[in-house]
Amino acid sequence: MSEHTTPATTRPSTRKRYKRIAYGLLGAGIGALFVAVAFDRFVLGVALYWAGGLGMGLVQRFSPVELYDERDTTIEREAGHYTMKLFAYVFILGAPGGLVLEESGVLTLPGEFYGAMWTLFAVFVAYGAFVIYHKYRL
């Protein structure tokens with residue numbers, strides 16, 4: 001017995017094609033930045049990086065199809081949730097833990113520790129501000 005099956009297409013959908021172009025431009029910009037830095041051409045690398053990012057934004061803005069759907073939104077929401085949760089644990093346990101270890105003389109914290117903790121603090125302040133804004137806006 002033979003069943004009729006539809007042939008699988010090897011051509012990606014239009015949405016996937018535009019997503020690949022957009023992320024390809026960004027990847028090319030990032031790659032160009034690394035190559036330019038390796039050849040000590042930092043300004044050129046940053047310009048190419050920005051061009052890749054701008055190209056990605058233009059593709060996303062002017063593509064004839066919607067690149068992201070509700071599945072993408074759900075994935076981004078979940079990823080953001082777990083990312084914030086992870087860094088909350090790092091901040092809540094790391095800041096006081098590091099300070100206690102330094103106060104007790106177990107280790108000396110580098111200056112980068114304080115910069116990282118202030119950065120995490122700023123991220124959570126910004127996150128809280130956006131939550132409050134959207135809570136009362138919607």
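Select Phe121 to begin, a residue of helix 4 in what is a predicted model; with a relative accessible area of 39%, Phe121 is partly exposed. Extend the selection to Leu99, Tyr114, Trp118 and Val125, which together with Phe121 form a nonpolar patch on the surface with about 510 Å² of accessible area. Colouring helix 4, residues 111-137, shows where the largest share of this patch comes from, namely four of its residues.

Next, colour the chain by domain: the assignment gives domain 1 as 11-67 and domain 2 as 69-137, and the centres of the two, taken over C-alpha atoms, are separated by 29 Å.

Then turn to the charged side chains, where the count comes to three salt bridges. Show Asp69 and Arg15 first, whose side chains meet in a salt bridge at 3.6 Å, N to O; this pair links distant parts of the chain, with Asp69 in the loop between helix 2 (42-62) and helix 3 (70-103) and Arg15 in helix 1 (residues 14-38), 54 residues apart. Asp69 is partly exposed at 27% relative accessibility, and Arg15 is partly exposed at 29%.

Keep Arg15 selected and add Asp72, since the side chains of these two meet in a salt bridge of 3.2 Å, N to O, although Arg15 in helix 1 and Asp72 in helix 3 are 57 residues apart. Asp72 is buried, with a relative accessible area of 12%.

Finally, add Lys19, whose side chain meets that of Asp72 in a salt bridge of 3.2 Å, N to O; Lys19 lies in helix 1 and Asp72 in helix 3, so the pair ties together parts 53 residues apart in sequence. Lys19 counts as buried at 16% relative accessibility. With Arg15, Lys19, Asp69 and Asp72 all displayed, the view holds one network, joined by salt bridges that share partners.

How values were computed: Residues are numbered from 1 along each chain as its sequence is written. This is a predicted model: local features need pLDDT of at least 70, side-chain atom pairs count only at pLDDT 80 or more; totals for chains, interfaces and linings use all residues. Side-chain values use heavy atoms; hydrogens and water are left out. Patches are made of residues with over 30% relative accessible area and no salt bridge: like charges are joined within 9 Å, nonpolar side chains (Val, Leu, Ile, Met, Phe, Trp, Tyr) within 5 Å. Accessible areas come from the Shrake-Rupley method with a 1.4 Å probe; for residues, only the protein chains shown count as cover. A salt bridge is a side-chain nitrogen of Lys or Arg within 4 Å of a carboxyl oxygen of Asp or Glu. Helices (H or I, at least four residues) and strands (E, at least two) are DSSP runs, numbered from the N terminus. Buried means under 20% relative accessible area, exposed over 50%, partly exposed in between (1.4 Å probe, protein chains only). Domain bounds come from an automatic or database domain assignment.
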